[in-house]
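Work through the exercises below with the model open beside you. Try each task before you read its solution.

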Amino acid sequence: MLNRKKIKSFVGLISRMLGLCFFIREIIFRDKNIIICYHDPAPEVFRKHLRYLVKRYNIITLDSLVNAIAQKEALFSPKSLVITLDDGWKGNYKLLEAIKEFNIPVIIFLTSGVVNTNRKFWWQAGFLGFEKLKLCQNQERLAMLREKTGYEPEKEYATPQALNLQEINEMADYVSFQSHGCFHPVLTKCDDNECLGEIKTSKESLEMILKKEINHFAYPNGNYSRREITYLKQTGYRSAVSLDSGWNDTNSDQFCLKRIWICDDASINELAGRLNGIFGCLRNFYERFKGLLK
Ligand SMILES: [Zn+2]
């Protein structure tokens, strides 16, 4: 039985065999940058992906990308790729060996209110249909979670879901830790105080525990508006990454950097297809085709 994952792998395989991935990477988007986004990949999957990526891309830091954009550098590193992971999952610690082995820069965006505690990521509280909660105003979402699951942002549970300080410190020589907010609400559903608090407090508390400046932010769930950008600039961030799919170049807005979301269990063929925007193109084509039939 063909499922979506198998179809994606198959499409990626065909694209690779036809040389489409090579053509897109080496010719069309050679001078553009890709930022990829993982969450909690298994070490063996991550290692396989890194093996594929290091042969085909120049893995760079987010700092060097942001510097190039700020200075409008004509010479953008060709085939540059930034590797990011969101949330700060406990399983990220197991990726350290692969990160050391490939000697590549990796950025982990930490949810500052959850790391080093036994608190839960809110969408893990056991509420079915959490996707719908993302559409609710922040207080409405919290009230619903409290009522249905007993979840409170600061409630401690039996097992930790996120990295602890010891793990973060062990990884800190190899990984750049940056901010993903305090408790991961959808910022565009927060009021002004909640939104500013998430942006400001996460920076301050991470700077305190890491003893390093926090310069970059990943929008929880990828959502942002002009207000979030204003607050980020006010509080001293240098950039922010979204989940808008696509490539970046020297004309990109530092606070609206695009990222390509990679499934944590993607096969190499699926990874290749995602990196080259093939699924996005097919989806657009399908949507247009559907529109024509209406
Ligand atoms: Zn997240």
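The exercises that follow use a predicted model.

**Exercise 1. Find how the axes of helix 1 and helix 11 cross, and which residues meet there.**

Solution.
- Step 1: Locate helix 1 at residues 4-17 and helix 11 at residues 268-275.
- Step 2: Their axes come within 7 Å and cross at roughly 70°.
- Step 3: Angles of 65 to 115 degrees count as roughly perpendicular, so helix 1 is roughly perpendicular to helix 11.
- Step 4: List the contact. Helix 1 brings Lys8, Ser9, Val11, Gly12, Leu13, Ser15 and Arg16. Helix 11 brings Asn269, Glu270, Ala272 and Gly273.
- Step 5: Sort these residues. The contact holds 3 nonpolar, 5 polar and 3 charged residues.

**Exercise 2. State how many residues of helix 11 are buried, and name them.**

Solution.
- Step 1: Count. Of the 8 residues in helix 11, 7 are buried, and the helix is mostly covered.
- Step 2: Name them. They are Asn269, Glu270, Leu271, Ala272, Gly273, Arg274 and Leu275.
- Step 3: Look just past the helix. Gly277 takes a positive phi of about 75° there.

**Exercise 3. Check the span of helix 9 against its number of residues.**

Solution.
- Step 1: Helix 9 covers residues 192-210, which is 19 residues.
- Step 2: The rule is 1.5 Å times one less than the number of residues. The expected span is therefore 27 Å.
- Step 3: The end C-alpha atoms of helix 9 are 27 Å apart, so the two values agree.
- Step 4: Just after helix 9, Lys211 has a positive phi of about 55°.

**Exercise 4. Name the buried residues of helix 9 and what they pack against.**

Solution.
- Step 1: Cys195, Glu198, Ile199, Ser202, Lys203 and Leu206 are buried.
- Step 2: These residues pack against three strands and a helix: strand 4 (106-110), strand 5 (175-179), strand 6 (216-218) and helix 10 (226-234).

**Exercise 5. Is Leu210 buried, exposed or partly exposed?**

Solution.
- Step 1: Place Leu210. This residue lies in helix 9.
- Step 2: Count 18 other C-beta atoms within 10 Å of Leu210.
- Step 3: Buried needs 20 or more, and exposed needs 12 or fewer. Leu210 is therefore partly exposed.
- Step 4: Beyond four places in sequence, Leu210 contacts Ala172 and Phe177.

**Exercise 6. Find the residues with the most contacts inside the largest nonpolar core.**

Solution.
- Step 1: The largest nonpolar core has 66 residues.
- Step 2: Ile36, Val82, Ile108 and Ala240 have the most contacts inside this core.
- Step 3: Take Ile108. Setting aside residues up to four places away in sequence, Ile108 touches Leu85, Gly88, Asn92, Val175 and Phe177.

Key
Residues numbered from 1 in each chain as written. Predicted model: local features only at pLDDT ≥ 70, side-chain atom pairs only at ≥ 80, totals over all residues. Axes fitted to C-alpha atoms, helices over the stretch in contact; angles between N-to-C directions. Helix = DSSP H or I, 4+ residues; strand = E, 2+ residues; numbered from the N terminus. Parallel < 35°, antiparallel > 145°, perpendicular 65-115°, else oblique. Contact = placed C-beta atoms within 7 Å. Nonpolar A, V, L, I, M, F, W, Y, C, P; charged D, E, K, R; others polar. Core = buried A, V, L, I, M, F, W, Y, C linked by C-beta atoms within 7 Å.
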